[in-house]
Amino acid sequence: FSLSQVSETAWAQTRSKVVKNTSFESDVRMRKNQWTVGLAGGQYTGTYMRFADEIALALDEPDKMRVLPIVSYGAVSNLEDLLYLSNVDVAVTQSDVFEYFRTEKKVPNLEGRVHYIVRLPVSELHILATEDHKTIQDLRGKRVSFGPAGSGSSLTGKIVFERLGVQVDPVLVDNAQALQKLRSGEIAALVRVVNKPVEFFTKIPDNSGLHLLPVPYTKVFADYYTVGDFTSKEYPTLVRSGERVETIAVPAVLAAFNWKPGTDRYRRIERFVERFFINLEKMQKPPFHPKWRDVNLSATVPGWQRLVVAEQM
């Protein structure tokens, strides 16, 4: 063989390998993305993020469905991510967040762009305060943490205090910082909206000088909220044995972007919804979160429109 013939043969072999490798990678890339759905969950230590993780675990099936749970700032930012962040098709949020985006942020055509798949369990309003504050009215004029900006508590907490006519000095910091500031006396209370019981509160030691404030349910909360409570069974170091602390609760929502039927993104959501309904019974058994047992597939969300495929299921 001449040198040129050897070079041409070597190049042909190399090119063949490159083409094969490129074809292989293209196939892998297609399979990886074809049925993958991004799910905006919540804060790392919150129940919403656990819901997202467990949905991913229950629905996962190689080459047929993959859910990517995303740690986020919370319920408010999740709806914003659903509207504007690339590759987010599903989000865990709250029912009152939708009204806020519609009336306060005035997002155009929100009712047509975001629909709900299913109503999730309620999240209770937790107001942790020092013992010298006995009622929510005692917090008037005081510094109160509502969690990080974009969290569900930053919205729901603001709504609750406004409706009750209790004006406070809001602080927006993460929950770990808020607890430190509460213990040091820098703030009078912290607010979280999360499914009970949550480790953040169960880990608070006995005789900490902290307790959960009651928030009685009244007609001013009748639109988006429901009745909730705390007992010593859930929070033995914060609620005395045999006592019950009243609070309100807000329904969580599994929401989806309403993609145009027939599009690739719509097909992914369609498969996600089908697999969610099929696997819910599995999620209602250990080791999944016990709150899954409270999910009623036929429950509606006031002010929201249901995704067509979810309504059909």
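A strand is a DSSP run of E with at least two residues, and strands are numbered from the N terminus. With that in hand, let us look at a predicted model, one view at a time.

**View 1. The whole chain, with its 10 helices and 10 strands.** The protein chain has 313 residues, and 49% of them count as buried. Its C-alpha trace spans about 95 × 45 × 40 Å along the principal axes. Which contacts hold positions 24 or more apart in the sequence? Among the contacts in the protein chain with a separation of 6 or more, 76% are between residues 24 or more positions apart.

**View 2. Val71, a residue of strand β2.** Strand β2 covers residues 66-71, and Val71 lies in it. Is Val71 buried, partly exposed or exposed? Its relative accessibility is 48%, so Val71 counts as partly exposed. Leaving aside residues up to four places away in sequence, Val71 touches Gly42, Tyr44 and Met49. Leu39 makes a nice landmark too: Val71 and Leu39 are 32 residues apart in sequence, and their C-alpha atoms are 9.0 Å apart in space.

**View 3. Asp63, in the loop between α2 and β2.** Asp63 has a relative accessible area of 48%, so Asp63 is partly exposed. Which residues does Asp63 touch, not counting those up to four places away in sequence? They are Arg31 and Trp35. Take a look at Trp35 in particular: Asp63 and Trp35 are 28 residues apart in sequence, while 7.0 Å separates them in space, C-alpha to C-alpha.

**View 4. Helix α2, residues 47-59.** This helix has 13 residues and reaches 18 Å from its first C-alpha to its last, close to the 18 Å expected at 1.5 Å a residue. Why is α2 said to be largely enclosed by the rest of the structure? The reason is that 10 of its 13 residues are buried. Buried here means under 20% relative accessible area. The buried residues of α2 include Tyr48, Met49, Phe51, Ile55 and Leu59, and also Glu54. Met49 may look familiar, since Val71 touches it.

**View 5. Phe276 and the largest nonpolar core.** This core has 77 residues. Ile117, Ile127, Leu254, Phe272, Phe276 and Trp292 touch the most other members. Zoom in on Phe276: not counting residues up to four places away in sequence, it touches Ile55, Leu59, Val118, Leu254, Met283, Trp292 and Leu297. Two of these partners, Ile55 and Leu59, are among the buried residues of α2. A second, separate core of 20 residues includes Leu179, Val198, Leu212 and Val239. In soluble globular proteins, nonpolar side chains tend to be buried together.

**View 6. The cavity, with about 140 Å³ of space.** How many cavities of 30 Å³ or more does the structure hold? There is one. The largest cavity is lined by 15 residues, and the closest to its centre are Gln43, Tyr48, Gly152, Arg192 and Val193. Tyr48 is also one of the buried residues of α2. Three elements, α2, α6 (152-163) and β7 (189-194), each supply at least two residues of the lining. Strand β7 provides the largest share, three residues. By type, the lining divides into four nonpolar residues, 10 polar and one charged.

Note on methods:
Residues are numbered from 1 along each chain as its sequence is written. This is a predicted model: local features need pLDDT of at least 70, side-chain atom pairs count only at pLDDT 80 or more; totals for chains, interfaces and linings use all residues. Side-chain values use heavy atoms; hydrogens and water are left out. A nonpolar core is a set of buried Ala, Val, Leu, Ile, Met, Phe, Trp, Tyr and Cys residues joined through side-chain atoms within 4.5 Å. Buried means under 20% relative accessible area, exposed over 50%, partly exposed in between (1.4 Å probe, protein chains only). Contact means heavy atoms within 4.5 Å. Helices (H or I, at least four residues) and strands (E, at least two) are DSSP runs, numbered from the N terminus. The expected span of a helix is 1.5 Å times one less than its number of residues. On a 1 Å grid over the protein atoms alone, a cavity is a set of points where a 1.4 Å probe fits but cannot get out, and a pocket is an open set with protein on both sides within 12 Å along at least five of seven lines; lining residues have an atom within 4 Å of a point. Grid points are joined across faces, edges and corners, and a volume is the space filled by probe spheres set on the points. Ala, Val, Leu, Ile, Met, Phe, Trp, Tyr, Cys and Pro count as nonpolar, Asp, Glu, Lys and Arg as charged, and the others, Gly among them, as polar.
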